Amino acid sequence: MHHLNAVGNLGRVDYVSEAEYDLFIRPDTCNPRFRCWFNFTVENVKTDQRVIFNIVNFSKAKSLYREGMSPLVKSTSRKRWQRLPPRSVFYYRCPDHRRNYVMSFIFCFDREDDVYQFSYSFPYTYAKLQSYLDNIDLREYDYVQRRPLVYSVQKRRLDLLEVASPELLVKGKKKKVVIITARVHPGESPSSYVCQGFIDFIISSHPVARILRDNVVFYIVPMLNPDGVFLGNQRCSLLGFDLNRVWNEPSSWAHPEIYGIKTHIMKLNEDADFEVDFFIDIHAHSTMMNGFMYGNIYEDLSRFEKHSIFPKLLVRFTQFPNSCFLLRLF
């Protein structure tokens, strides 16, 4: 009997037949409610072996897998992630699995010596972020400062980038502040790619980037939940908290990441030199298409109008063909 070996962010693998396997996603650490993200490898395959993988315990009824999205695959000999053909992917409610929602996909292995890796979406790891930020450090820009704002429960860095022209940071000089955060939900990896794209732009020699650095101080936290990302969680931190729900009263020991960035923002808000003008929290979404924004509603008309300008400008000057990410404005 021939068995595939599948390891990664899985709780269990059930052998149905040589051509079919049931895969159970490991729930988020300390929180069984969330089962969505997966990233696993498969080896011990046979050439031309066609297999159906059933991921049988998704925690959500809706999914972009119903709208044409498909999982990704790469292998030892082909390092670039590629999407599976959407016609090979099926998302449905299954009577054989307690009427849970199941995503099945068909794959044909073509090289016996390769190790194949499958993922829910394009991964963006903590190690990838550290490598990216280390590379920025090597360039020694005088307008980019990087430091660990705090450390996570598992002692990973919560990196804070300060991007501004040195002349703007003189004490006593008034300056506007824009705060950008991403990846508070670990499974929302598109947010990391959007955030990296913004960092690439704002530290570049583009004339608009230079004007912005001369007039605005940018504080960027590219990964608000490094432990959750490392652990392969969908939504929660190591301790099972949805860090996007603890902003009102974050704990310095249970939610050090939110406590750290909130403390930083409050200090800026109390400093007469700084005017906190804008806070963008970049997310992604598992059921909605394209780029969109959530914002606040204010009774103060001028504040409400100001809040509406950025989404209007974004619609007018940019195109997001089939991108799936979410910006939250506060």
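Lysine 176 is partly exposed in this predicted model. Its relative accessible area is 37%. Lysine 176 forms a salt bridge with aspartate 277. The closest N and O atoms of this pair are 4.0 Å apart. The bridge links distant parts of the chain. Aspartate 277 belongs to strand S15, which covers residues 274-283. Lysine 176 belongs to strand S13, which covers residues 175-182. The two residues are 101 residues apart. Aspartate 277 has 27% relative accessibility, so this residue also counts as partly exposed.

The structure holds 13 salt bridges. Side chains of opposite charge can pair when their charged atoms come close. Lysine 46 and glutamate 18 provide another case, with their side chains meeting at 2.9 Å, N to O. Both residues sit in loops. Lysine 46 lies between strand S4 (39-43) and strand S5 (49-58). Glutamate 18 lies between strand S2 (10-17) and strand S3 (20-25). The pair therefore ties together parts that are 28 residues apart in sequence. Lysine 46 counts as partly exposed because its relative accessibility is 32%. Glutamate 18, at 30%, counts as partly exposed too.

A buried pair was also found. Arginine 146 forms a salt bridge with aspartate 159. Their closest N and O atoms are 2.9 Å apart. Both arginine 146 and aspartate 159 are buried. Arginine 146 is part of strand S11 (residues 144-151), and aspartate 159 is part of strand S12 (residues 157-163), so the bridge ties together parts that are 13 residues apart in sequence. These two residues also belong to a network. Salt bridges with shared partners join Asp134, Asp137, Arg146, Arg157 and Asp159.

Aromatic rings were examined next. A search of the whole structure finds 28 aromatic pairs. One of them joins phenylalanine 105 and phenylalanine 118. The ring centres are 5.4 Å apart, and the planes meet at 45 degrees. This pair is tilted, because the angle falls neither under 30 degrees nor over 60. Phenylalanine 105 lies in strand S9 (residues 101-109). Phenylalanine 118 lies in strand S10 (residues 116-119). The partners are 13 residues apart, and the pair links distant parts of the chain. Phenylalanine 105 has 0% relative accessibility, so this residue counts as buried. Phenylalanine 118 is likewise buried, at 0%.

Phenylalanine 109 and tyrosine 116 form an aromatic pair as well. Their centres are 4.8 Å apart, with 75 degrees between the planes. This angle is over 60 degrees, so the pair counts as edge-to-face. Both phenylalanine 109 and tyrosine 116 are buried.

Some rings also have a charged partner. Arginine 156 lies over the face of phenylalanine 230. The distance to the ring centre is 3.7 Å. Arginine 213 places its charged end over the ring of tyrosine 143. Here the distance to the centre is 3.8 Å.

The surface carries a nonpolar patch. Ile52, Phe90 and Ile106 form this patch. Together they have about 220 Å² of accessible area. Isoleucine 106 lies in strand S9, the strand that also holds phenylalanine 105. Isoleucine 106 counts as partly exposed because its relative accessibility is 30%. Phenylalanine 105, by contrast, is buried at 0%.

Definitions and conventions. Residues are numbered from 1 along each chain as its sequence is written. This is a predicted model: local features need pLDDT of at least 70, side-chain atom pairs count only at pLDDT 80 or more; totals for chains, interfaces and linings use all residues. Side-chain values use heavy atoms; hydrogens and water are left out. Rings of Phe, Tyr and Trp (its six-membered ring) pair if their centres lie within 6.5 Å; planes under 30 degrees apart count as stacked, over 60 as edge-to-face and the rest as tilted. Helices (H or I, at least four residues) and strands (E, at least two) are DSSP runs, numbered from the N terminus. Buried means under 20% relative accessible area, exposed over 50%, partly exposed in between (1.4 Å probe, protein chains only). A charge sits over a ring if NZ of Lys or CZ of Arg is within 6 Å of the ring centre and within 35 degrees of the ring normal. Patches are made of residues with over 30% relative accessible area and no salt bridge: like charges are joined within 9 Å, nonpolar side chains (Val, Leu, Ile, Met, Phe, Trp, Tyr) within 5 Å. Accessible areas come from the Shrake-Rupley method with a 1.4 Å probe; for residues, only the protein chains shown count as cover.
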